[in-house]
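Trainee: I should like a close look at a single part of this model. Please take one residue, describe its surroundings, and then set it beside other parts of the chain.

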Amino acid sequence: MWSFRAWRRRRLLERAALPQAQWQELVASLGLLRGLSAEELRDLQQLVLLFLVEKSVVGVQGLVLSDAMRLRIAVQACLPVLALGLDWYRDVRSVLVYPGGFVARHEYQDEDGVVHVERAALSGEAWEQGPVILSWEDVEAEAPAGVNLVIHEFAHKLDMLNGAANGLPPLHAGMSVQQWAVDFAAAYAGLATEAELGGAMALDAYAAQDPAECFAVLSEAFFAAPDLLQGSYPEVYGQLRLFYRQDPLLRLGG
Ligand SMILES: [Zn+2]
């Protein structure tokens, strides 16, 4: 079937190119991308090009984004969908970037029907059918092992493809929703126990917040420190390998 979108994308890729020196520098600076083959890097570059054409990545509160900054965000956003394709981000139209942590105002209704207003300083947010919001300071900051803000927020967008974020994105044919639930529930319970005990944790304790955060945090670890995830929750590593269709442990060396 002839697709206008596919045609438009092909035309665009024929004409557009990223400044190669800038691209090489970026690739070298992100440990996340280590071990990707030349072919995978070429595919990633094409995804990044399309991402930057199809989504608006804009600075807010006076932040002026350079091409290098937009590229740095786009490449981290595109890594998780390298083997899936950009259509998985069809609900992402814009990425808003604050200079630093931003104050979010949330209203939610509790079980008794009372609406609460919450204000919290955040480094990132993903809205259902809305933008991804990032703090540049946190994108740039040296993060602890396994932590990656951009991947975290985009994992939420994948989770939201089949409704509200609940830790279950649309799985591929042949994957078992039941097994996914069993493996994630076990990790979630394990992380909650670890968090309660209060000692040092290999993975970010924020994963114990709720199932949606569990999926987002473990997705970060999957790409940024796969050895930590494999060491603690190998079943979840296996599920994410099936879902993302990548094996970061193999390419980064475990
Ligand atoms: Zn989150």
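**Surroundings of E153**

Mentor: In this predicted model, E153 is a residue of helix α6, which comprises residues 149-159. E153 is buried, yet it forms no salt bridge. The nearest side chain of opposite charge belongs to K157, at 9.2 Å, whereas a salt bridge requires the side-chain nitrogen and the carboxyl oxygen to be within 4 Å. A polar atom of the E153 side chain does, however, lie 3.3 Å from the backbone nitrogen of E125. E125 also appears among the residues that E153 touches, leaving aside those up to four places away in sequence; the others are G124, A126, V132, I133 and L134.

D204 offers a second acidic residue to examine. D204 is situated in the loop that joins α7 (177-197) to α8 (211-224). With a relative accessible area of 33%, D204 is classed as partly exposed, because that class spans the values between 20% and 50%. Beyond residues up to four places away in sequence, D204 touches V147 and V217. From M175, D204 is separated by 29 residues in sequence and by 26 Å in space, C-alpha to C-alpha.

The nonpolar interior completes the picture. The largest nonpolar core has 72 residues, and the members touching the most other members are F51, V95, L218, L229, L240 and Y244. For L218, contacts other than those with residues up to four places away in sequence are made with F184, A187, L191, L203, L229, V236 and L240. In soluble globular proteins, nonpolar side chains tend to be buried together.

How values were computed. Residues numbered from 1 in each chain as written. Predicted model: local features only at pLDDT ≥ 70, side-chain atom pairs only at ≥ 80, totals over all residues. Heavy atoms only, no water. Helix = DSSP H or I, 4+ residues; strand = E, 2+ residues; numbered from the N terminus. Buried < 20%, exposed > 50% of the residue type's maximum accessible area, 1.4 Å probe, protein only. Contact = heavy atoms within 4.5 Å. Lys, Arg positive; Asp, Glu negative; His and termini not counted. Polar contact = N/O pair within 3.5 Å; in protein donor to acceptor, adjacent residues only side chain to side chain. Core = buried A, V, L, I, M, F, W, Y, C linked by side-chain atoms within 4.5 Å.
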